[in-house]
Amino acid sequence: MKAGIFTRQGVIDCYEVDMPEKKQSEVLIRTLRASICGSDLHVGYCGWGVDDFPLPPGFPGHESVCEVVDGEGTNYVENQLVLAVPIIPDARSFSEYQVIPESQLIKIGDSISMNEMLMAQQLGTVIFALRKLPDLSGQSVVIIGQGSAGLFHTFMCKRLNADKIISIDPIALRCKISKELGADIVINSKEEYANKEIMEITQGLGSDIVIDAVGSVDTLNRSIQIAKPDGNILLFGLPTTETRVSFDWSTMFKKSLSIKAIHGSQHEKGLPDFKLACDLIESKEIDVSNFVTHVFELEDIQKAFDLVENKQDGVIKAAIRFD
């Protein structure tokens, strides 16, 4: 089969590799469509969480819509459409075929396009993350970054009755969609300019809740700067490095901030947050029809990653097609 392999940091290409072997409790699935997550960039381009290159074939891809090839010994049968929700170290979505425990699959219908159903995996992680925060009712929320993860946070914060949602992103198209999904105020700028605007909007107090949907040392420190005293910060974006980083401990301490990182949504028994994400997309409660802006063949996976890394051509989400 064919699979995308990171042979060294920042370099991925398409290779012929052996088919995976199915165990009794696993399902052999054929990948139809896979999308690139921001965390894939942090792993493949920054080297976060990996000891050495090359990486395993198909890794770290973890967002994919697939069809069942062989479900013998499980509750899955041939040709069923499924959303794959792999445990991240075992994720192999940038490959033509995958084997995955049946507990990490969700049956889906064919009434919604594959590009739309692809979004359920990341939306599920956002639903999981927001359940770890205090009640959002009446709270002000700032969301740094309006890539797909940030947009999902905007939608869910509105759904959870946040009082005022302020989103930040330098790309105009993302800001437009953010407004459509529920942002009350959209700041189309970068860095210190956005910080200044937020403090003006909040009368110098800062936001009750700040969500970092990017994942960088800069956005970590910006979150601390714009959070209200006794506020909450959610670090959703994956780190870019395993090494220790410099952050504004003094301001965090003086403001008595609570900072929470989120990991492990795929381990929850029954995958309830991912099932809710599928329901929200299939019912059209959230319109994700314009999230996948670019689709590439597997042979062009390097171009796809470079596009996402450089945020070129108005990209929100790039997908790899296998069908």
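In this predicted model, the buried residues of helix 5 pack against helix 4, strand 9 (164-168) and strand 10 (185-187). Helix 5 spans residues 172-180, and its buried residues are Arg174, Cys175, Ile177 and Ser178. These four cover an arc of only 165° around the axis, which places them on the same side of helix 5. Ala172 and Glu180, on the other side of helix 5, are exposed. After the helix comes Gly182, which has a positive phi, near 130°.

**Salt bridges**

One of the buried residues of helix 5 also carries a charge pairing: the side chain of Arg174 meets that of Asp169 in a salt bridge, with an N to O distance of 3.7 Å. Arg174 has a relative accessible area of 7% and is therefore buried, the limit being under 20%. Asp169, at 3% relative accessibility, likewise counts as buried.

A further salt bridge joins the side chains of Asp184 and Lys158, at 3.7 Å from N to O. Because Asp184 lies in the loop between helix 5 and strand 10 while Lys158 belongs to helix 4, this pair ties together parts that are 26 residues apart in sequence. Asp184 is partly exposed, with a relative accessible area of 29%, and Lys158 is partly exposed at 39%.

Lys228 and Asp208 form another salt bridge, their closest N and O atoms being 3.3 Å apart. Lys228 is in strand 12 (residues 227-235) and Asp208 is in strand 11, so the pair connects parts that are 20 residues apart in sequence. Here Lys228 is partly exposed, with a relative accessible area of 29%, whereas Asp208 is buried at 15%.

The three pairs described above are set out below.

| Residue pair | N to O distance |
|---|---|
| Asp184 and Lys158 | 3.7 Å |
| Arg174 and Asp169 | 3.7 Å |
| Lys228 and Asp208 | 3.3 Å |

Across the whole structure, a search finds 15 salt bridges. Arg33, Glu297, Arg321 and Asp323 are linked with one another in a network of such bridges.

**Nonpolar cores**

The largest nonpolar core contains 49 residues, of which Leu123, Cys157, Ile281 and Ile286 touch the most other members. At least two residues of this core are supplied by each of helix 3 (119-130), strand 8 (140-144), helix 4 (148-159), strand 11 (207-212) and helix 9 (272-282). Helix 3 provides the largest share, with eight residues.

The surroundings of Ile281 can be listed individually. Leaving aside residues up to four places away in sequence, Ile281 touches Ile112, Glu116, Met117, Met119, Ala120, Leu123, Ile286 and Val288. Apart from the largest core lies another, made up of 24 residues that include Phe6, Val43, Ile301 and Leu307.

**Nonpolar surface**

Nonpolar side chains also appear at the surface, where Phe247, Trp249 and Phe253 make a patch of about 400 Å². Within this patch, Trp249 lies in helix 8 (residues 249-255). Its relative accessibility is 58%, so Trp249 counts as exposed, for which the requirement is over 50%.

Methods:
Residues are numbered from 1 along each chain as its sequence is written. This is a predicted model: local features need pLDDT of at least 70, side-chain atom pairs count only at pLDDT 80 or more; totals for chains, interfaces and linings use all residues. Side-chain values use heavy atoms; hydrogens and water are left out. A nonpolar core is a set of buried Ala, Val, Leu, Ile, Met, Phe, Trp, Tyr and Cys residues joined through side-chain atoms within 4.5 Å. Buried means under 20% relative accessible area, exposed over 50%, partly exposed in between (1.4 Å probe, protein chains only). Contact means heavy atoms within 4.5 Å. The arc is that of the directions from the helix axis to the C-beta atoms. Patches are made of residues with over 30% relative accessible area and no salt bridge: like charges are joined within 9 Å, nonpolar side chains (Val, Leu, Ile, Met, Phe, Trp, Tyr) within 5 Å. Accessible areas come from the Shrake-Rupley method with a 1.4 Å probe; for residues, only the protein chains shown count as cover. A salt bridge is a side-chain nitrogen of Lys or Arg within 4 Å of a carboxyl oxygen of Asp or Glu.
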